[in-house]
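Please work through the exercises below with the sequence and the coordinates open beside you. Each task is followed by a solution that proceeds step by step.

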Amino acid sequence: MTVVLNETKLAEEILEKEETGNKPAATLFLLARYYRHRQNLTRKETAGKLDCFMQRCYKNYNPDLWAAMIENISDKALKYPLHEINAIRITESELERIRGIQNTKYQKLLFTMLCYAKLYNTLSENNNGWINTKIKELFRSARITVKYRKDKFLYLNDLEQTGLISFSVRNDNLNIRVNFIDMDSESVLEIQDFRELGYEYMKYMGEGNFTHCSRCHRLILKKSNKDFSTKYCAECAKQAKNEQNRIYYRNRLRKS
């Protein structure tokens with residue numbers, strides 16, 4: 001699941017662009033929370049706003065098929081306040097601890113876990129460095145691939161030996177605690193996007209040639225310093241190609 005730091009800002013961007021995205025149900029839930037908490041709308045008013053949004057923005061929208069979901073979302077939204085975090089700040093001492101590990105993959109994984117731990121600390125003052133994000137999501141965001149699934153746990157076990165992370169003592173709990181968080185030193189890096197934390201670390205360290213997707217602003221790695229063709233991330237490139245194909249075939253039908 002994609003982490004959004006400033007949900008109010010994202011909701012306002014969605015309303016401005018009028019895009020439902022790849023997961024319209026998730027978009028509706030975010031908008032419902034925005035309407036309930038920022039505009040103080042009632043459940044009925046929120047449902048009406050969501051219905052109007054879908055009519056404008058969702059192709060082949062059928063109100064009868066979506067009515068129950070919209071009502072449910074509008075009702076539940078009040079229980080979930082919006083997050084409004086501008087950035088997660090990383091200190092030099094934290095980066096020094098990470099650089100002390102002589103393995104780039106381990107460094108990226110530690111950096112990713114640190115970002116998540118500081119995020120959860122921001123959301124709850126009682127969190128104390130714990131992460132409840134799925135392990136596969138940590139590896140995905142860190143941009144680390146492994147040949148076998150068990151290798152992920154070998155990586156984590158190696159890092160546990162350093163004392164920088166620890167596991168819950170409960171056998172049924174896979175939560176991880178980051179033990180090198182520094183809240184007192186001055187920050188040297190601000191993270192505003194959790195989609196590519198491994199790339200964020202590499203960019204800060206001066207490794208690789210990075211740019212941002214011209215559509216969604218996701219951090220993307222260029223193949224070389226001479227690569228001027230990289231414009232979109234993989235997901236947006238696919239969408240752009242589909243749009244070009246639709247325009248091409250639409251024009252052909254008009255000419256025929």
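The exercises that follow concern helix packing, cysteines and backbone angles in a predicted model.

**Exercise 1.** Determine how helix α3 and helix α4 pack, and which residues make the contact.

Solution. Begin with the axes: helix α3, residues 43-57, and helix α4, residues 63-76, pack at an angle of about 140°, with their axes 9 Å apart. Because of this angle, α3 is classed as oblique to α4, given that roughly antiparallel would require an angle over 145 degrees. Next comes the handedness, and the crossing of α3 and α4 is right-handed. On the α3 side the contact is made by Arg43, Thr46, Ala47, Leu50, Asp51 and Met54, which meet Pro63, Trp66, Ile70, Glu71, Ile73, Ser74 and Asp75 of α4. Sorted by class, the residues of this contact comprise 7 nonpolar, 2 polar and 4 charged.

**Exercise 2.** Determine the relative orientation of helix α7 and helix α8, and the make-up of their contact.

Solution. The axes of α7 (residues 135-142) and α8 (residues 150-162) come within 11 Å of each other and cross at roughly 80°. This value lies in the range of 65 to 115 degrees, so α7 is roughly perpendicular to α8. From α7 the contact takes in Ile135, Lys136 and Phe139, while α8 supplies Lys152, Phe153, Tyr155 and Leu156. The class count for the contact of α7 with α8 is 5 nonpolar, no polar and 2 charged residues.

**Exercise 3.** Explain why Cys115 and Cys213 are not bonded to their closest cysteines, and state whether each is buried or exposed.

Solution. The criterion for a disulfide is a pair of cysteine sulfur atoms within 2.5 Å. For Cys115 the closest cysteine sulfur belongs to Cys216 and lies 18 Å away, which is too far for a bond. For Cys213 the closest cysteine sulfur is that of Cys236, at 3.7 Å, and this too is too far for a bond. The structure accordingly holds 0 disulfides. As for accessibility, Cys115 is buried at 0% relative accessibility, and Cys213 is buried with a relative accessible area of 1%.

**Exercise 4.** Locate Asn40 and His217 in the chain and describe the phi angle of each.

Solution. Asn40, although not a glycine, has a positive phi of about 55°, and its place is in the loop between α2 (24-37) and α3. With a relative accessible area of 61%, Asn40 is exposed. His217, which is not a glycine either, has a positive phi of about 65°, and it is placed in the loop between β6 (210-212) and β7 (219-221).

Definitions and conventions
Residues are numbered from 1 along each chain as its sequence is written. This is a predicted model: local features need pLDDT of at least 70, side-chain atom pairs count only at pLDDT 80 or more; totals for chains, interfaces and linings use all residues. Side-chain values use heavy atoms; hydrogens and water are left out. Axes are lines fitted to C-alpha atoms, for helices over the stretch in contact, and angles run from 0 to 180 degrees between N-to-C directions. Helices (H or I, at least four residues) and strands (E, at least two) are DSSP runs, numbered from the N terminus. Angles under 35 degrees count as roughly parallel, over 145 as roughly antiparallel, 65 to 115 as roughly perpendicular and the rest as oblique. A crossing is left-handed if the near helix is turned anticlockwise from the far one by less than a right angle, and right-handed if clockwise. Contact means heavy atoms within 4.5 Å. Ala, Val, Leu, Ile, Met, Phe, Trp, Tyr, Cys and Pro count as nonpolar, Asp, Glu, Lys and Arg as charged, and the others, Gly among them, as polar. Buried means under 20% relative accessible area, exposed over 50%, partly exposed in between (1.4 Å probe, protein chains only).
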